[in-house]
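Work through the exercises below with the sequence and the model open. Try each task before reading its solution.

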Amino acid sequence: MIHGSLFSAASDASDVPGDGALRVGLIGTGVVGSGTCQVLARNADLIAQRAGRPIRLVMATARNLLKAAQVLGPDVALVSDPLTLVRHPGIDVVVEVMGGVTLAKALVMEAIAHGKHVVTANKALLAEHGTEIFAAADAQGVIVAYEGAVAVSIPIIKALREGLAANRILEVVGIVNGTTNFILTQMQEAGLSFEAALRLATELGYAEADPALDVSGMDAAHKTALLAAIAFGADVPLDQVHVQGISSLESFDMVCAQALGYRIKLLSMARQRSDALELRVHPALVPEKHLLAQVPGAMNGIWVNADAAGPTFYYGAGAGSQTTASAVVADLIDVARLGSAGLYARVPHRSVPSGVIRSLPILPIGQVASRHYLRFALHGQPECLACLTGWLQDWGVDVKQWTHVQHPEDPSRDAWVVLTPSLPGDVLLDALAGLRHISGGLVPVAVWRVEDLDL
């Protein structure tokens, strides 16, 4: 027998205490769900004071009910069918931290249809289906809160929607995936290969058993889509975010970048141009003095440039049970305060009301201009070096922007490294094709963008 009351589809609202508390139903009792339960219990008095009423977890559903009962204790009713929870009249707000997309979407939409507010940390769900979910929430007059979906310990969504509400956001650039930042930090500081750094990340629990979503850049792309939608009040199709992961990076690139005064980070970038948006996730060279270059290990950092406030920087842990729970419970406090207020009194889901959400063109990556880092392997090829020198001069590259870098282990792998002027991606490809033609096949062994961000 599961501890606590076992609700069935026939249960009525009298099963749930009606003492003015915000009554929470929890879907998922894993890392984030258990952390949420712990924070609600540990800080119950403080949370009630700040919310103006108690916030009480009264019902949960999970794949393993016996294990969930051990986590939640005897005062939380458990149900095997999540539809029972999202339809129950005694639940005010549904917290969805189960992950995944298909089932999570169905449950969130069902909760909204039954007049429940929703708190979620599911960035993939909102990046793929946010427009539909937010429209449904507006139609039903309920809130969908999602601070835990991006850079969890950093209240970046609140900062963009509220703290910077008077500003025109120009760009949001961040390190929003702790796994990849840990890997790149190990490659930079310990000289590990990508494969060795990934193994270490897995052993220490920073990487999932299947790290593909992280190292491919897709996790960061989900977060980029959400940040851009908020920053620019726009619909952001996930499939138009340019994504490039870190698996082809070599530790020697870290050495070369450092020789030029840079570090390599996986950046999430959202910029508004005059008539289009830049949306991209990829490794990039960042000046080593910039705050983003100094974000270590599994930490996150987000740099926002706004017209009135200027540049602001946000730093904190990007994953973890308690850190994510901090954001989830903060959202619950907002729901407790504002759940009964009219739509006019609430912060819009994406910084502006749904009726004025814009549809802006997304600039293709080939049209995005930046400086580029090129690494050439020229050992024993003096004729290629002469050809490269002439090509660089034709493109206006100052001699100070290219250098010879010695490989720390193998002199035969020494490199010539070049920083180009700012060029659109397609123009660079044409230029490299011209170099290949005049040199008899010379191509760089590594090409990465350079982001000379304001300090």
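**Exercise 1. Work out how well strand β1 is covered and which strands pair with β1.**

Step 1. Strand β1 spans residues 22–27, and six of its six residues are buried. Buried means under 20% relative accessible area, exposed over 50%, partly exposed in between (1.4 Å probe, protein chains only). Strands (E, at least two residues) and helices (H or I, at least four) are DSSP runs, numbered from the N terminus.

Step 2. Sort the side chains by direction. Leu 22, Val 24 and Leu 26 point one way; Arg 23, Gly 25 and Ile 27 point the other way.

Step 3. Find the partners. Two strands pair if DSSP finds at least two bridges between them. Six bridges join β1 to the parallel strand β2 (residues 55–61). Here Arg 23 sits opposite Arg 56. Four bridges link β1 with β4 (residues 93–96), also parallel. There Val 24 faces Val 93.

A note on the source: this is a predicted model, where local features need pLDDT of at least 70 and side-chain atom pairs count only at pLDDT 80 or more, while totals for chains, interfaces and linings use all residues. Residues are numbered from 1 along each chain as its sequence is written, and side-chain values use heavy atoms, with hydrogens and water left out.

**Exercise 2. Describe how helices α1 and α13 meet.**

Step 1. Take the axes, which are lines fitted to C-alpha atoms over the stretch in contact, with angles from 0 to 180 degrees between N-to-C directions. Those of α1 (residues 31–42) and α13 (residues 321–338) come within 8 Å and cross at roughly 65°.

Step 2. List the contacts (heavy atoms within 4.5 Å). From α1 they include Val 31, Val 39 and Leu 40; from α13 they include Ala 325, Val 328 and Leu 332.

**Exercise 3. Find what the buried residues of helix α7 pack against.**

Step 1. In α7 (residues 156–163), the buried residues are Ile 156, Ile 157, Ala 159, Leu 160 and Arg 161.

Step 2. These buried residues pack against β7 (169–175), α11 (218–232), β11 (299–306) and β12 (310–317).

**Exercise 4. How many disulfides does the model hold?**

Step 1. Apply the rule: a disulfide is a pair of cysteine sulfur atoms within 2.5 Å.

Step 2. Check Cys 256. Its closest cysteine sulfur, in Cys 384, lies 18 Å away, too far for a bond. Cys 256 is buried at 0% relative accessibility.

Step 3. Check Cys 384. The closest cysteine sulfur is in Cys 387, at 6.8 Å, again too far for a bond. Cys 384 is buried too, at 8%.

Step 4. The count is zero disulfides.
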